[in-house]
Amino acid sequence: NITEIKQKEEALELLNRELKKHTEELALSNKELEQFAYIASHDLQEPLRMVTSFLTQLKKKYSDQLDEKAQQYIYFAHDGATRMRQIILDLLEYSRVGRGEYQVVEVNTKDLVSEVLMLQKRCIETQNAEIKLGKLPDLKVEELPLKQLFSNLIGNALKYHSKDRRPVIEISAEEKDVYWEFKISDNGIGIEEEFKEKIFVIFQRLHHRDEYEGTGIGLAICKKIVDHFGGEIWVESAYGKGSSFYFTIPKQF
Ligand code: ADP
């Protein structure tokens, strides 16, 4: 019996060692991937700037010599370059999350959300959106990533509104034992059940850019920020009726 226990213990220890090794390898490959994303996006900016600037020159200096088709080609090329620039900027942002660049400070989340709303004021006014603020706590947290998190989620709530009704967005938090649970809910287009996890994966979008602009990186950034905080993020949604995005932040960061 003792031999059996010993054997089991040894097997368990071996398994633990293997698991540890795999975790370390995974962490390393993640780090390398992030580094790659950072370097690639950083170094892509300069040649892209060149493409855009020569396209602009071409249009400016030779516009009168070009026919309509050529003008259209320049427009498409310029549009492509502009989109690529946005993808690069978003990728850079994505690879920056969790690098420990920010300090942990005391944050009044109500003030922080008000600042985010201020920045999106134009969009809120054009859509005549109603914003409801619930109870929001003071937290010890990295301020800028938290701001970006709210900004992405509120931005999406505004962007994916329903054309049939006035957008109503509610932002609130609920205190749990060791964490705070935040909620950003909207009465927008909603998300089908099968896509509720996919949307948090980088570059995954449910719409063509003709319908809604975007790069499909916003929610992946949100997930990375929340992971970095040690919390969780998820969505509950009724397709065609609206969505509620939840995320948690531990009280002890
Ligand atoms: P983007 O908005 O650039 O496409 P995101 O990563 O922010 O990228 O979102 C991924 C997808 O999730 C979006 O393309 C959209 O289909 C869906 N989505 C995100 N937020 C909402 C929302 N509030 N209501 C409905 N769909 C949403």
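**Exercise 1. Locate Arg-85 and state in which element it is found, how accessible it is, and how far its C-alpha lies from that of Ser-41.**

Solution. Step 1: Arg-85 belongs to helix α2; helices (H or I, at least four residues) and strands (E, at least two) are DSSP runs, numbered from the N terminus. The structure is a predicted model, in which local features need pLDDT of at least 70, side-chain atom pairs count only at pLDDT 80 or more, and totals for chains, interfaces and linings use all residues. Residues are numbered from 1 along each chain as its sequence is written, and side-chain values use heavy atoms, with hydrogens and water left out.

Step 2: the relative accessibility of Arg-85 is 48%, so Arg-85 counts as partly exposed. The classes are buried (under 20% relative accessible area), exposed (over 50%) and partly exposed (in between), with a 1.4 Å probe and protein chains only.

Step 3: Ser-41 is 44 residues from Arg-85 in sequence, and the C-alpha atoms of the two are 9.1 Å apart in space.

**Exercise 2. Place Arg-99 and Gly-242 in the chain, classify each, and give one C-alpha separation for each.**

Solution. Step 1: Arg-99 sits in the loop between α2 (68–96) and β1 (104–108). With a relative accessible area of 39%, Arg-99 is partly exposed.

Step 2: along the chain, 129 residues separate Arg-99 from His-228, while their C-alpha atoms are separated by 9.2 Å.

Step 3: Gly-242 is part of strand β7 and is buried, its relative accessible area being 10%. Gly-242 and Ser-53 are 189 residues apart in sequence, and from C-alpha to C-alpha the separation is 42 Å.

**Exercise 3. Examine the backbone at Asn-128 and Phe-203: what is phi at each residue, and where does each lie?**

Solution. Step 1: Asn-128 is not a glycine, yet its phi is positive, at about 55 degrees. Asn-128 lies in the loop between α4 (121–126) and β2 (130–133) and is partly exposed, with a relative accessible area of 47%.

Step 2: Phe-203, also a residue other than glycine, has a positive phi near 70 degrees. The loop between β5 (179–186) and α6 holds Phe-203, which is partly exposed at a relative accessible area of 42%.

**Exercise 4. Determine how many disulfides the structure holds, and explain why Cys-222 is not bonded to Cys-123.**

Solution. Step 1: a disulfide is a pair of cysteine sulfur atoms within 2.5 Å. The structure holds zero disulfides. Cys-123 takes part in none, and the nearest cysteine sulfur, in Cys-222, is 16 Å away.

Step 2: taken from the other side, the closest cysteine sulfur to that of Cys-222 is in Cys-123, and the pair is unbonded because 16 Å is too far for a bond.

Step 3: Cys-123 is partly exposed, at 31% relative accessibility, whereas Cys-222 is buried, at 0%.

**Exercise 5. Describe the ligand site: which residues are closest, which side chains have an N or O atom by a ligand oxygen atom, and which elements supply the shell?**

Solution. Step 1: the ligand is surrounded by 21 residues (a heavy atom within 4 Å of the ligand). The closest are Asn-156, Tyr-160, Arg-205, Gly-216 and Leu-219.

Step 2: check the side-chain N or O atoms against ligand oxygen atoms.

- Tyr-160: 2.7 Å from an oxygen atom of the ligand.
- Asn-156: 2.9 Å from an oxygen atom of the ligand.
- His-207: 3.3 Å from an oxygen atom of the ligand.

Step 3: the ligand taken alone exposes 540 Å², of which the protein buries 98%. These areas come from the Shrake-Rupley method with a 1.4 Å probe.

Step 4: at least two residues of the shell around the ligand come from each of α5 (143–159), α6 (218–229) and β7 (242–250). The largest share, three residues, is supplied by α5.

Definitions and conventions: Polar contact = N/O pair within 3.5 Å; in protein donor to acceptor, adjacent residues only side chain to side chain.
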